[in-house]
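Here are my notes on the model you sent over, jotted down as numbered points. Have the viewer open while you read.

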Amino acid sequence: VYPVCDDSGLLLGLVRGQVIFETEAFEITAQVGSLVGVDKEERISTPMRQSFKFRHPWLQLNLLTAFLAGGVVAMFQGTIDRLVILAAFLPVLAGQSGNTGCQALAVTLRGLTLGEIKPGDGKALVMKEGVLGALNGAPIGVIAGIAMYLTANAQHSAHSLMLALVVLLAMVGACMVSGISGAIVPLMLKRYGADPATASSIFLTTATDIVSMGMLLGLATVLVR
């Protein structure tokens, strides 16, 4: 049991440790839901109407961001029509860069929650996650590039080697930007007074999808003639 006193030391009341633990446990478990737009007040017992009210606006926002990613793909429709094989690798890049960003996001949120990130540490953290993203993206990009080369070669493409290079470069670039985004999103939310976890996964997914697809299709447009 913990005493609660005013500034003069006068005892105001008592708080049981179990109550403090339950409050902290609720905050920690609610953070996971906040990442995807689930309100912290929502529980299993929350009425369906209220749950709908909590969740639906974030799903509408997610739909809007998905249209943005779709718009990027539409900008390179001519490239896709010319190099249909690229379509098979779009989800590969989006998935890998998305996971890279989520790793950076998880570490950053943990640091913010535990108070490990002090004022002025943000720049170093963002740079670290960017470099780490590029380092992780390089070996993954090599494997994905080999897969592209074998697939394109099996289809007797005259651009097999160049397509493999495009996938490699796009993977490295997308993972690097995703790592940076995973660190920046919660830091920016906190800076503007919002909960760092609030819908951060939605914003991160938008960034990673746009960057990964844009890089793959953009590099293919420029390099594969």
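1. Start with His-156, which sits in the loop between α5 and α6. The backbone there deserves a look: His-156 is not a glycine, yet its phi is positive, at about 60°. As a general point, most residues other than glycine have a negative phi. How accessible is His-156, buried or exposed? With a relative accessibility of 73%, His-156 counts as exposed, because the cut-off for that class is over 50%. Do keep in mind that this is a predicted model.

2. Now the overall layout. The protein has seven helices and two strands, and reading from the N terminus the order is β-β-α-α-α-α-α-α-α. The radius of gyration comes out at 23 Å, whereas the globule rule gives 17 Å for 225 residues, so the protein is more spread out than a compact globule. If you want the extents, the C-alpha atoms fill a box of roughly 80 × 40 × 25 Å along the principal axes.

3. On surface and burial: buried residues account for 36% of the 225 in the protein. The exposed area is about 13200 Å², and 67% of that is supplied by carbon and sulfur atoms. As for charge, there are 14 positive and 14 negative charges, and their mean positions lie 7 Å apart.

4. Which residues touch the most other members of the largest nonpolar core? They are Leu-86, Met-148, Leu-163, Val-167, Leu-216 and Leu-217, out of 25 residues in that core. Two or more residues each come from α2 (48–75), α4 (86–114), α5 (122–154), α6 (160–191) and α7 (200–223). Helix α6 gives the largest share, with six residues. In soluble globular proteins, nonpolar side chains tend to be buried together.

5. Val-167 is a handy residue to click on in that core. Leaving out residues up to four places away in sequence, Val-167 touches Phe-89, Leu-93, Ala-144, Gly-145, Met-148 and Leu-216. There is also a second, separate core of five residues, among them Leu-112, Val-126, Ala-183 and Leu-187.

6. Sequence separation is worth a comment too. Take the contacts between residues at least 6 apart in sequence: 73% of them join residues at least 24 apart. Trp-58, in helix α2, gives a pair to check by eye. The C-alpha atoms of Trp-58 and Ile-202 are 8.4 Å apart, although 144 residues separate the two along the chain. Trp-58 itself is partly exposed, at 27% relative accessibility.

7. A similar check can be made from helix α5, where Leu-132 lies. Leu-132 has a relative accessible area of 36% and is partly exposed. Its C-alpha atom is 7.2 Å from that of Gly-179, which is 47 residues away along the chain.

8. Last one: Gly-214, in helix α7. Why does Gly-214 count as buried? Its relative accessibility is 18%, and buried means under 20%, so Gly-214 falls within that class. Not counting neighbours within four places in sequence, Gly-214 is in contact with Val-72, Phe-76, Asp-209 and Leu-219. From Gly-214 to Ala-170, C-alpha to C-alpha, the distance is 8.8 Å, with their places 44 residues apart in sequence.

Key: Residues numbered from 1 in each chain as written. Predicted model: local features only at pLDDT ≥ 70, side-chain atom pairs only at ≥ 80, totals over all residues. Heavy atoms only, no water. Helix = DSSP H or I, 4+ residues; strand = E, 2+ residues; numbered from the N terminus. Rg over C-alpha atoms; globule rule 2.2 N^0.38 Å. Buried < 20%, exposed > 50% of the residue type's maximum accessible area, 1.4 Å probe, protein only. Contact = heavy atoms within 4.5 Å. Areas by Shrake-Rupley, 256 points an atom, 1.4 Å probe, with all protein chains shown as cover. Lys, Arg positive; Asp, Glu negative; His and termini not counted. Charge placed at Lys NZ, Arg CZ, Asp CG, Glu CD. Core = buried A, V, L, I, M, F, W, Y, C linked by side-chain atoms within 4.5 Å.
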